[in-house]
Number of protein chains: 2
Amino acid sequence: MKTVSTAKSHGGVQGVYTHASEVCACDMTFAVFVPPQAAERPCPVVWYLSGLTCTHQNVMDKGEYRRMAAELGLIVVCPDTSPRGDDIPDEKDNWQFGKGAGFYLDATQAPYARNYRMYSYVTEDLPALIAGNFPADMSRQAIFGHSMGGHGALTIALKSPGRYKSCSAFAPIVQPMTAGWSKPALEKFLGRDALAWRSYDATALIEDGHRFPEFLVDQGSADGFLEDGLRPWLLEEACAKAGIALTLRMQEGYDHSYFFISTFMDDHLKWHSERLG
Amino acid sequence: MKTVSTAKSHGGVQGVYTHASEVCACDMTFAVFVPPQAAERPCPVVWYLSGLTCTHQNVMDKGEYRRMAAELGLIVVCPDTSPRGDDIPDEKDNWQFGKGAGFYLDATQAPYARNYRMYSYVTEDLPALIAGNFPADMSRQAIFGHSMGGHGALTIALKSPGRYKSCSAFAPIVQPMTAGWSKPALEKFLGRDALAWRSYDATALIEDGHRFPEFLVDQGSADGFLEDGLRPWLLEEACAKAGIALTLRMQEGYDHSYFFISTFMDDHLKWHSERLG
């Protein structure tokens, strides 16, 4: 692991790091905020998964999470959204696929299967690195994210309910199997058999019996992707049928941007902190 | 005035706007945050002046001012740092002069005098636009800034103590006449006679009899520009001699970045709010 930069912020340290990821077969960059409490004891870890086109940097710059994370004593880890590098297969003019759009899955199709393994990266590769290099209490982890990263957080939590104490999302893609901006990506990454897609679709996972105790979801009513891409009512239906406690808050007038995310960041960090103990 | 973008944030509206500036003889872009309280009454205005290389966007993205401004009911105006456009004279490879480096002065030397009039822009042109287009109580204004913008805030407040109820700065350039990164700019903008520079130098203005009731200054101890460029002790000496109340806080371990600024943003907004009444 190499340190790209560190800066004191809100009493803690905001760092950016790179490492050679075995899982993704490329160098990966990520951001970690370590709160001041970590000088005295290991701190719980909150994973923030970013949306389409983002790197670790968008939320680091615009997410406004450090003040509250420092107050609550939370380590916040912000991975990249895909493998990176000149030799990583990509579709340059397509922001909904490839670099910046890894959809937090393990691809099975050539030429993507070699590098696009963001599911394993976020659940195995990077956690091992965090556990070994930061003052992290890995028995207390939470996960949340935005848009594609909300999809990532929901699906990862549903598949590993024992690992995460809590899960929340800002404007998540709740049913990527049927949304225009994600269906083509699932097909390219996972092949044409839609059965394989179900493992990376929150509503399908719930239908198939996966469970998580409760979710918090904030969704802006002025979000341009609401009707076609996000459709939180599909998650609402799935959770209602499955008996999963979903707190879905429609936020009047908010869009899909970090102006929305940063507004409700405090609420989400408090939600996680209460459940992390 | 044209609206570039608006987004709901922390209950208020973060907007970006452009207008044809007569003073700068070019189109200028600026950001305004209007808090929720403005729906019911005109709100006081806090001016934030950015540092070298910045536009309105750096603090809008990374300053973390909206939560507290929304709580306190403050309009926050963030101007650009220089005139902009292809036909604006510049030194492309010099980040300490020209575009992004207007030093909040009115240039007197060709070819800069036509456009580089940021002092008049920030004190006359833009305030008139704000007064005419936003729910602003212009009888209650405060000013603050970072680095070159801290220099701007201090010098502007010292020259118009009746206009601003309060003034603060993050890591300000307090004596641009003698700092390596500003002296060449003053010479190009104002000519070789250093007497003309005194009107844009906080310590010289104080020496020359200008007064402001009190300043709040935060300065990171790990700021790479501290010893050569910023030197807050020069302001401390000038204020002590003049009987100006200076609260200078050396912040252990903080650098010159927005990680530093955002950490102490709440303190500064509260400082201004208390004095804006």
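This report walks through the fold of chain A, its cysteines and a few backbone details in a predicted model.

## Overall shape of chain A

Let us begin with the chain as a whole. Chain A holds nine helices and nine strands. Its radius of gyration is 17 Å, close to the 19 Å that the globule rule gives for 277 residues, so chain A is as compact as a globular protein of that length. If you like to think in boxes, the C-alpha atoms of chain A fill one of roughly 50 × 40 × 35 Å along the principal axes.

Contacts and burial add to this picture. Of the 277 residues in chain A, 62% count as buried. Take the contacts in chain A between residues at least 6 apart in sequence: 72% of these join residues at least 24 apart.

## Surface and charge

For those setting up electrostatics, here are the surface figures. Chain A has an accessible surface of about 10100 Å², and carbon and sulfur atoms account for 47% of that area. Chain A carries 25 positive and 33 negative charges, and the mean positions of these two sets lie 3 Å apart.

## Cysteines without a partner

With a disulfide taken as a pair of cysteine sulfur atoms within 2.5 Å, the count over all chains is zero. In chain A, C167(A) is in no disulfide, and the nearest cysteine sulfur, in C239(A), is 9.9 Å away. C167(A) is also buried, at a relative accessible area of 0%.

Chain B can be described in a similar way. Why does C167(B) have no bond to C239(B)? The sulfur of C239(B) is the closest cysteine sulfur to that of C167(B), but the 9.9 Å between them is too far for a bond. C167(B) is buried, with a relative accessible area of 0%.

## A buried glycine in a loop

G73(A) sits in the loop between α2 (66-72) and β5 (75-79) of chain A. Is this loop residue buried or exposed? G73(A) is buried, since its relative accessible area is 2% and the cut-off for buried is under 20%.

The surroundings of G73(A) come from elsewhere in the sequence. Setting aside neighbours within four places in sequence, G73(A) is in contact with P35(A), Q37(A), C43(A) and P44(A). V45(A) is 28 residues from G73(A) in sequence, and their C-alpha atoms are 9.4 Å apart in space.

## Cis peptide bonds

Which residues does the cis peptide bond ending at P111(A) join? This bond runs from A110(A) to P111(A), with omega near 0°. P111(A) belongs to the loop between β5 and α3 (118-133) of chain A.

In chain B, the peptide bond from A110(B) to P111(B) is cis, again with omega near 0°. P111(B) lies in the loop between β5 (75-79) and α3 (118-133) of chain B.

## Positive phi outside glycine

Two residues in chain A deserve a look on your Ramachandran plot. A25(A) is not a glycine, yet has a positive phi of about 55°. Its loop connects β2 (12-21) and β3 (26-34) of chain A. At 30% relative accessibility, A25(A) counts as partly exposed.

E64(A) is another non-glycine residue with positive phi, its value being near 55°. E64(A) is in the loop between α1 (56-62) and α2 of chain A. Its relative accessibility is 6%, so E64(A) counts as buried.

Key: Residues numbered from 1 in each chain as written. Chains lettered and ligands numbered in written order. Predicted model: local features only at pLDDT ≥ 70, side-chain atom pairs only at ≥ 80, totals over all residues. Heavy atoms only, no water. Buried < 20%, exposed > 50% of the residue type's maximum accessible area, 1.4 Å probe, protein only. Helix = DSSP H or I, 4+ residues; strand = E, 2+ residues; numbered from the N terminus. Rg over C-alpha atoms; globule rule 2.2 N^0.38 Å. Contact = heavy atoms within 4.5 Å. Areas by Shrake-Rupley, 256 points an atom, 1.4 Å probe, with all protein chains shown as cover. Lys, Arg positive; Asp, Glu negative; His and termini not counted. Charge placed at Lys NZ, Arg CZ, Asp CG, Glu CD.
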